[in-house]
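Student: I've got a fold to get my head around before lunch. Can you walk me through it?

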Amino acid sequence: MGYHRAGFEVVGVDIAPQSHYPFEFHQGDAIEYIVEHGREFDVIHASPPCQAHSVMTKRWGQEVVSSHINLIPATRAALQATGKPYIIENVEGARDELIRPVMLCGTMFGLGLKAGNQLRRHRYFECWGFEPGLTPTCKHNKKQTVLVCGNSGGRSRRDGCMFHTADERRKAMDIDWMTNAELVQAIPPAYTEWIGRRIVAADTEYSEHIEEKEVEFLREENERLRQQIEELERRI
Ligand SMILES: C[S@@+](CC[C@H](N)C(=O)[O-])C[C@H]1O[C@@H](n2cnc3c(N)ncnc32)[C@H](O)[C@@H]1O
């Protein structure tokens, strides 16, 4: 949704059906899709499964972590082979797997609930083929965060904390079309809108640079021809 808001036409791919996906959707293996169709797109965003890196999985020990395949290297290889700009997004635990990632947080975009509970969902983005530039600053307050993982609603047996409901999570993420199960896998559109706008800006800066070079070349060419004409006129 964020890329759509930034002006892109969006096509999604997932191995599992995504009945609430709001754009053109293809069910299938994302890496195969990139290999086959990647060059048809201007930019590609990949959010490989994060279970191998998530804090929640790590709590269950190394055996459980090892049972989840890390798809980041294979995804990156397929993306780089297209020669197109790309983004690989993942959780904090995968930070070291990513090349010079930028971090985005909900507080950079004012995401949260009216009561002041913020969405402090830190996500990391490897940006390739464009310069995302400086990110906004995190503005964490001291109130309870809106956690978007696991079941929604109810109370934690560990510390008695209330879990936010699916509706509250939808509000905090600014996503009204997903179930809780879909929401826990997602990132807020504000993040990808910010990245999408950086890509457009980087592209415009590049085009403007090329245009300046062209104008300079044409001016020089003009001057060269003017001198040639002068020389010919002198000889006549
Ligand atoms: C972190 S979630 C991202 C979900 C979604 N892109 C979003 O941001 O709302 C990872 C997704 O990868 C999908 N997935 C896992 N293996 C895949 C594969 N080989 N090809 C395509 N999708 C895959 C899962 O079904 C899951 O929906």
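Tutor: Let's start with a strand pair: β5 and β6 run antiparallel, joined by 3 bridges. Strands here are DSSP runs of E of at least two residues, helices are runs of H or I of at least four, and both are numbered from the N terminus. Two strands pair if DSSP finds at least two bridges between them. Keep in mind that this is a predicted model, where local features need pLDDT of at least 70, side-chain atom pairs count only at pLDDT 80 or more, and totals for chains, interfaces and linings use all residues. Residues are numbered from 1 along each chain as its sequence is written.

Student: Which residue of β6 is the bridge partner of Met-103?

Tutor: Look along β6 (123-128), which is antiparallel to β5. The bridge partner of Met-103 there is Tyr-124.

Student: And in β6, what is the bridge partner of Glu-89?

Tutor: Now we look at β4, which pairs with β6 in the antiparallel sense over 5 bridges. In β6, Tyr-86 has Trp-128 as its bridge partner. For Glu-89, the partner is Phe-125.

Student: Which strands stand at the edges of the sheet?

Tutor: The open sheet has 4 strands with mixed pairing, in the order β3-β4-β6-β5. Each edge strand has a single partner, so one side of it is left without a neighbour in the sheet; the edge strands are β3 and β5.

Student: What angle does the direction of α5 make with that of β4?

Tutor: α5 packs on the sheet and touches β3 and β4. For the angle, axes are lines fitted to C-alpha atoms, for helices over the stretch in contact, and angles run from 0 to 180 degrees between N-to-C directions. The value is about 165°.

Student: Is β6 mostly covered or mostly open?

Tutor: We go by burial: a residue is buried if 20 or more other C-beta atoms, placed from the backbone, lie within 10 Å of its own, exposed if 12 or fewer, and partly exposed in between. In β6, 5 of its 6 residues are buried, so by that definition the strand is mostly covered.

Student: Which element gives the largest share of the largest nonpolar core?

Tutor: A nonpolar core is a set of buried Ala, Val, Leu, Ile, Met, Phe, Trp, Tyr and Cys residues joined through C-beta atoms within 7 Å. The largest one has 24 residues, with Ala-46 and Phe-125 among those with the most contacts inside it. Elements giving two or more residues include α2, α5 and β4. The largest share, 4 residues, comes from α8.

Student: Is Cys-50 buried or exposed?

Tutor: Cys-50 sits in the loop between β3 and α3. Beyond residues up to four places away in sequence, it touches Asn-90, Val-91 and Ala-94, where contact means C-beta atoms, placed from the backbone, within 7 Å. With 22 other C-beta atoms within 10 Å, Cys-50 is buried.

Student: Which residue other than glycine has a phi near 35°?

Tutor: Most residues other than glycine have a negative phi, and most peptide bonds are trans. Asp-174 goes against the usual sign with a phi of about 65°, and it counts as partly exposed, with 18 C-beta neighbours inside 10 Å. The one you're after lies in the loop between β4 and β5 and is exposed, with 10 other C-beta atoms within 10 Å. It's Arg-100.

How values were computed:
Two residues are in contact if their C-beta atoms, placed from the backbone, lie within 7 Å.
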